[in-house]
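User: Could you take me through one part of this protein in detail? I would like a close look at the pockets and at the helices that pack around them.

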Amino acid sequence: MEYAGFWRRFVAYIIDGLILGIIEAIFISAKMPYAVLFVGWLYYALMESSSTQATLGKMALGLYVTDLNGDKIGFGRATGRYFGKIISGLILFVGFMMAGWTARKQALHDIMAETLVLRRT
């Protein structure tokens, strides 16, 4: 297993943010602002628990999400990982930065959800 480092993950996150921004703008212009609350969660949880195991940003950089054994995660674990990102961000983004110094390149939300982000080889 080759762990995905901080910078690759960061670029993937930027790509996903741009994609989500477009999708959310469509919902807002369609007068459906409450849908925006669910878009990010469903985007991350559905894609990371799918057969690709990755969001579009992660796919672009050859990354994918697994459990600690390298197996595909389910929707529930992907949901926990998504909401764990809130905590990673609330502590001044230190939770995200942890992917730069932990042994398995895990951010706080990965540790909480018992997941890994790996590089396809």
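Analyst: Happy to! Before we start, one term: two residues are in contact here when heavy atoms of theirs lie within 4.5 Å. Please also keep in mind that this is a predicted model.

Let's begin with α2 and α4. On the α2 side, Gly40, Trp41, Leu42, Tyr44, Ala45, Leu46 and Glu48 make the contact, and they meet Phe75, Ala78, Thr79, Arg81, Tyr82, Phe83 and Lys85 of α4. Sorted by class, the residues of this contact are nine nonpolar, two polar and three charged. The axes of these two helices come within 8 Å and cross at roughly 135 degrees. That angle is why α2 counts as oblique to α4. The crossing of α2 and α4 is right-handed.

Now turn to the other partner of α2, which is α1. Here the angle is about 140 degrees, and the axes are 10 Å apart. The crossing of α1 and α2 is right-handed. From α1 come Tyr13, Asp16, Ile19, Leu20, Ile23, Glu24, Phe27 and Ile28, and they meet Val36, Val39, Gly40, Tyr43 and Tyr44 in α2. This contact has ten nonpolar residues, one polar and two charged. If you have been keeping track, Gly40 and Tyr44 take part in the contact with α1 and also in the one with α4.

With the helices in mind, we can look at the pockets. The second largest pocket has a volume of about 180 Å³. Its lining consists of Tyr13, Gly17, Leu20, Glu24, Gly40, Tyr44, Tyr82, Lys85, Ile86 and Phe96. Three helices each give two or more residues to this lining: α1, α2 (36–48) and α4. Of these, α1 gives the most, with four residues. By class, the lining of the second largest pocket has six nonpolar, two polar and two charged residues. You can spot some familiar names, too: Gly40 and Tyr44 belong to this lining, and both are in the contact of α2 with α4.

Finally, there is the largest pocket, with about 270 Å³ of space. It is lined by 13 residues, and those nearest its centre are Phe6, Arg9, Phe10, Tyr13 and Phe96. The elements that give this lining two or more residues are α1 (6–29) and α4 (75–90). Once again α1 gives the most, this time with six residues. Seven residues of the lining of the largest pocket are nonpolar, one is polar and five are charged. Two residues are worth finding on your screen: Tyr13 and Phe96 lie among those nearest the centre of the largest pocket, and both also line the second largest pocket.

Conventions: Residues numbered from 1 in each chain as written. Predicted model: local features only at pLDDT ≥ 70, side-chain atom pairs only at ≥ 80, totals over all residues. Heavy atoms only, no water. 1 Å grid on protein atoms, 1.4 Å probe; cavity = no way out; pocket = protein on both sides within 12 Å on 5 of 7 lines; lining within 4 Å. Points joined across faces, edges and corners; volume = space filled by probe spheres on them. Nonpolar A, V, L, I, M, F, W, Y, C, P; charged D, E, K, R; others polar. Axes fitted to C-alpha atoms, helices over the stretch in contact; angles between N-to-C directions. Left-handed = near helix turned anticlockwise from the far one by under 90°. Parallel < 35°, antiparallel > 145°, perpendicular 65-115°, else oblique.
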